[in-house]
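The following exercises concern the fold and the ligand surroundings of one chain. Each task is followed by a solution in steps.

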Amino acid sequence: MLDDAASRRDLIKAVAQEVIDHAEELTALDQAIGDGDHGVNMKRGAEAVLADIDNLAEKTLPEGLKAIGMALVMKVGGASGPLYGTFFMTLGKSLPEEPAPADTVAAFEAAFQAVMARGKSHPGQKTMLDVLAPALECLQADPSASAALCTKVAEAAEATIPMLAEKGRASFLGERSIGHMDPGARSSALIITTVCKTLGA
Ligand code: ADP
Ligand code: MG
Ligand code: MG
């Protein structure tokens with residue numbers, strides 16, 4: 001799994017395309033509780049990754065993830081660029097070239113911790129962490145439970161709707177942030193679901 005350039009290329013392409021296909025939805029979510037650019041930001045990052053896909057896929061899994069993280073920091077911008085960038089760079093730094101399931105869980109945990117440190121945030125504040133945290137729990141319970149993980153992250157993104165935003169631009173709205181899904185939670189769920197579906201296919 002992911003031990004050849006073709007399979008890495010397929011995964012990168014699937015995730016980037018999913019983000020691009022959902023850019024309008026992500027922007028609409030951010031229009032409700034932010035500045036309306038999350039879809040545009042994420043699409044810019046995905047397009048930068050696609051433009052370099054052959055080079056990225058030729059790299060080893062850890063090096064490719066680090067390079068994707070750096071591209072996201074540079075191209076996505078906003079709050080989400082450094083946070084997603086940190087996530088992917090830390091995954092790359094933590095994963096061995098041929099990861100066993102336990103390595104993947106450990107790397108996901110390290111990446112999740114790094115996002116919390118970078119964002120000075122924690123789960124419960126209506127952010128992407130409210131999807132990443134349950135995803136980590138699901139992986140820890142069973143690293144191969146890909147269907148369960150897809151269900152869990154979809155539910156977790158929905159569960160941000162009644163939450164009060166305490167971080168990022170949505171927090172400026174106070175109580176008015178309640179009743180809308182967090183855009184970063186939705187993009188995290190899309191990315192994780194696509195990884196599961198592509199690797200499981
Ligand atoms: P910006 O808010 O700077 O315009 P984006 O719209 O691209 O950036 O991304 C917004 C998303 O980033 C939010 O929906 C939230 O999930 C996430 N986010 C913002 N601040 C934080 C933080 N401190 N910790 C974790 N996630 C955050
Ligand atoms: Mg925004
Ligand atoms: Mg912005």
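**Exercise 1.** Determine the helix and strand content of residues 6-197.

*Solution.* In this predicted model, residues 6-197 are 72% helix and 0% strand. The C-alpha atoms at the two ends of this stretch are 16 Å apart. UniProt, in an unreviewed entry, assigns the feature "domain: DhaL" to residues 6-197.

**Exercise 2.** Establish the relative orientation of helix 1 and helix 3, and describe their contact.

*Solution.* Step 1: the axes of helix 1 (residues 5-21) and helix 3 (residues 38-51) come within 8 Å and cross at roughly 150 degrees. Step 2: angles over 145 degrees count as roughly antiparallel, and helix 1 and helix 3 are therefore roughly antiparallel to each other. Step 3: the handedness of the crossing of helix 1 and helix 3 is left-handed. Step 4: helix 1 contributes Ile12, Ala16, Val19 and Ile20, which meet Met42, Lys43, Ala46, Glu47, Val49 and Leu50 of helix 3. Step 5: sorted by class, this contact of helix 1 with helix 3 has eight nonpolar, no polar and two charged residues.

**Exercise 3.** Characterise the shell of residues around ligand 1.

*Solution.* Step 1: there are 22 residues around ligand 1, of which Gly78, Gly119, Thr127, Gly168 and Gly184 come nearest. Step 2: helix 3, helix 6 (80-94) and helix 10 (183-200) are the elements that give two or more residues to this shell. Step 3: helix 10 gives the most, with three residues. Step 4: by class, the shell around ligand 1 comprises six nonpolar, 10 polar and six charged residues.

Methods. Residues are numbered from 1 along each chain as its sequence is written. Chains are lettered from A and ligands numbered from 1 in the order in which they are written. This is a predicted model: local features need pLDDT of at least 70, side-chain atom pairs count only at pLDDT 80 or more; totals for chains, interfaces and linings use all residues. UniProt positions are given in the numbering used here, feature names are shortened, and annotations may be inferred rather than shown by experiment. Helices (H or I, at least four residues) and strands (E, at least two) are DSSP runs, numbered from the N terminus. Axes are lines fitted to C-alpha atoms, for helices over the stretch in contact, and angles run from 0 to 180 degrees between N-to-C directions. Angles under 35 degrees count as roughly parallel, over 145 as roughly antiparallel, 65 to 115 as roughly perpendicular and the rest as oblique. A crossing is left-handed if the near helix is turned anticlockwise from the far one by less than a right angle, and right-handed if clockwise. Two residues are in contact if their C-beta atoms, placed from the backbone, lie within 7 Å. Ala, Val, Leu, Ile, Met, Phe, Trp, Tyr, Cys and Pro count as nonpolar, Asp, Glu, Lys and Arg as charged, and the others, Gly among them, as polar. A residue is near a molecule or strand if its C-beta atom, placed from the backbone, lies within 6 Å of it.
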